[in-house]
Amino acid sequence: MDECKHSGIKKIKLLVAILERGLGEDLAEILRESGVTFNMISPAYRASGSALMDCFGFSNPERDLVLSVVTEDKVDSIMKKIMYKFDLDEPGNGIAFTIPISGVSGPLALRYISGMSEG
């Protein structure tokens, strides 16, 4: 993913968000408005013990899991929007974090998930 080799392609991160059931589409809409085109929403269910759920402040075991690929330059502004819109600084409202992506199978796949190419 060397930026010099593939002109115009930026470093990317995987955004992972776990929110109240039904809020995944609201998050995806915010992401689309911010230019993030690769979003996946999946129902998620509690698989951990109640101690971990209490630590995160989750009471309802049913959640939405949202996975998105975000270019590194957009991460800060998107995280601020998510924190504000979903009150993620309050216990029990959800969690969002990013993971760096260090490799993608090929330049076309990278362009597609980075939103630089229309599938």
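# A walk through the fold

The protein chain has four helices and four strands. This is a predicted model. Along the sequence, strands and helices follow the pattern β-α-β-α-β-α-β-α. Start at a strand, then, and end at a helix.

Next, consider the chain as a whole. It has 119 residues, and 32% of them count as buried. The exposed surface of the protein chain comes to about 7,200 Å². Carbon and sulfur atoms supply 54% of that surface. Contacts tell how the chain is put together. Take the contacts with a separation of 6 or more: residues 24 or more positions apart account for 73% of them.

Now turn to the interior. In soluble globular proteins, nonpolar side chains tend to be buried together. In this model, the largest nonpolar core has 16 residues. Within this core, the residues with the most contacts are Leu15, Leu27, Leu31, Ile78, Ile82 and Phe86. Four elements each supply at least two residues of the core: β1 (12-20), α1 (24-33), β3 and α3 (75-86). Helix α3 gives the largest share, five residues. There is also a second, separate core of five residues. Among its members are Ile12, Val69, Ile101 and Ile113.

Ile78 is a good place to look around in the largest core. Which residues does Ile78 contact, once neighbours within four places in sequence are left aside? They are Leu15, Leu31, Ser34, Val36 and Val70. Two of these names, Leu15 and Leu31, also stand among the residues with the most contacts inside the core.

The model also leaves some empty space. Rolling a probe the size of a water molecule over the atoms shows where such space is left. How many cavities of 30 Å³ or more are counted here? The count comes to one. The largest cavity has a volume of about 30 Å³. Its lining consists of Gly35, Val36, Thr37, Val69, Val70, Thr71, Lys74, Ile113 and Ser114. By class, that lining has four nonpolar, four polar and one charged residues. Strand β3 (residues 62-71) gives the most to the lining, with three residues. The cavity and the cores share some names. Val69 and Ile113 line the cavity, and both are included in the second core.

Thr71 is one of the lining residues. The place of Thr71 is in strand β3. Is Thr71 buried or exposed? It counts as buried, because its relative accessibility is 11% and the limit for buried is under 20%. Leaving out residues up to four places away in sequence, Thr71 touches Lys10, Lys11, Ile12 and Ser114. Ser114 lines the cavity as well. Val36 is another lining residue. Thr71 and Val36 are 35 residues apart in sequence, yet their C-alpha atoms are 8.1 Å apart in space.

From Thr71, move to Pro100 in strand β4. The two residues are 29 positions apart in sequence and 9.9 Å apart in space, C-alpha to C-alpha. Pro100 has a relative accessibility of 62%, so it counts as exposed. Beyond its neighbours within four places in sequence, Pro100 is in contact with Ile12 and Lys13. Ile12 is also touched by Thr71.

Strand β2 (residues 39-45) holds Ser42. Ser42 is partly exposed, because its relative accessible area is 24%. Setting aside residues up to four places away in sequence, Ser42 touches Arg63, Asp64 and Leu65. The C-alpha atoms of Ser42 and Arg63 are separated by 8.6 Å, and the two residues lie 21 residues apart along the chain.

Arg63 leads on to another stop. Asn93 is in contact with Arg63 too, and with Leu19, Glu20, Phe86, Asp87 and Leu88, leaving aside neighbours within four places in sequence. Asn93 lies in the loop between α3 and β4. It is partly exposed, with a relative accessible area of 25%. Asn93 and Leu19 are 74 residues apart in sequence, but 6.5 Å apart in space, C-alpha to C-alpha.

The last stop is Asp87, one of the contacts of Asn93. Asp87 sits in the loop between α3 and β4 (94-100). It is partly exposed, at 41% relative accessible area. What is the phi of Asp87? It is positive, about 50°, although Asp87 is not a glycine.

Methods
Residues are numbered from 1 along each chain as its sequence is written. This is a predicted model: local features need pLDDT of at least 70, side-chain atom pairs count only at pLDDT 80 or more; totals for chains, interfaces and linings use all residues. Side-chain values use heavy atoms; hydrogens and water are left out. On a 1 Å grid over the protein atoms alone, a cavity is a set of points where a 1.4 Å probe fits but cannot get out, and a pocket is an open set with protein on both sides within 12 Å along at least five of seven lines; lining residues have an atom within 4 Å of a point. Grid points are joined across faces, edges and corners, and a volume is the space filled by probe spheres set on the points. Ala, Val, Leu, Ile, Met, Phe, Trp, Tyr, Cys and Pro count as nonpolar, Asp, Glu, Lys and Arg as charged, and the others, Gly among them, as polar. Buried means under 20% relative accessible area, exposed over 50%, partly exposed in between (1.4 Å probe, protein chains only). Contact means heavy atoms within 4.5 Å. Accessible areas come from the Shrake-Rupley method with a 1.4 Å probe; for residues, only the protein chains shown count as cover. A nonpolar core is a set of buried Ala, Val, Leu, Ile, Met, Phe, Trp, Tyr and Cys residues joined through side-chain atoms within 4.5 Å.
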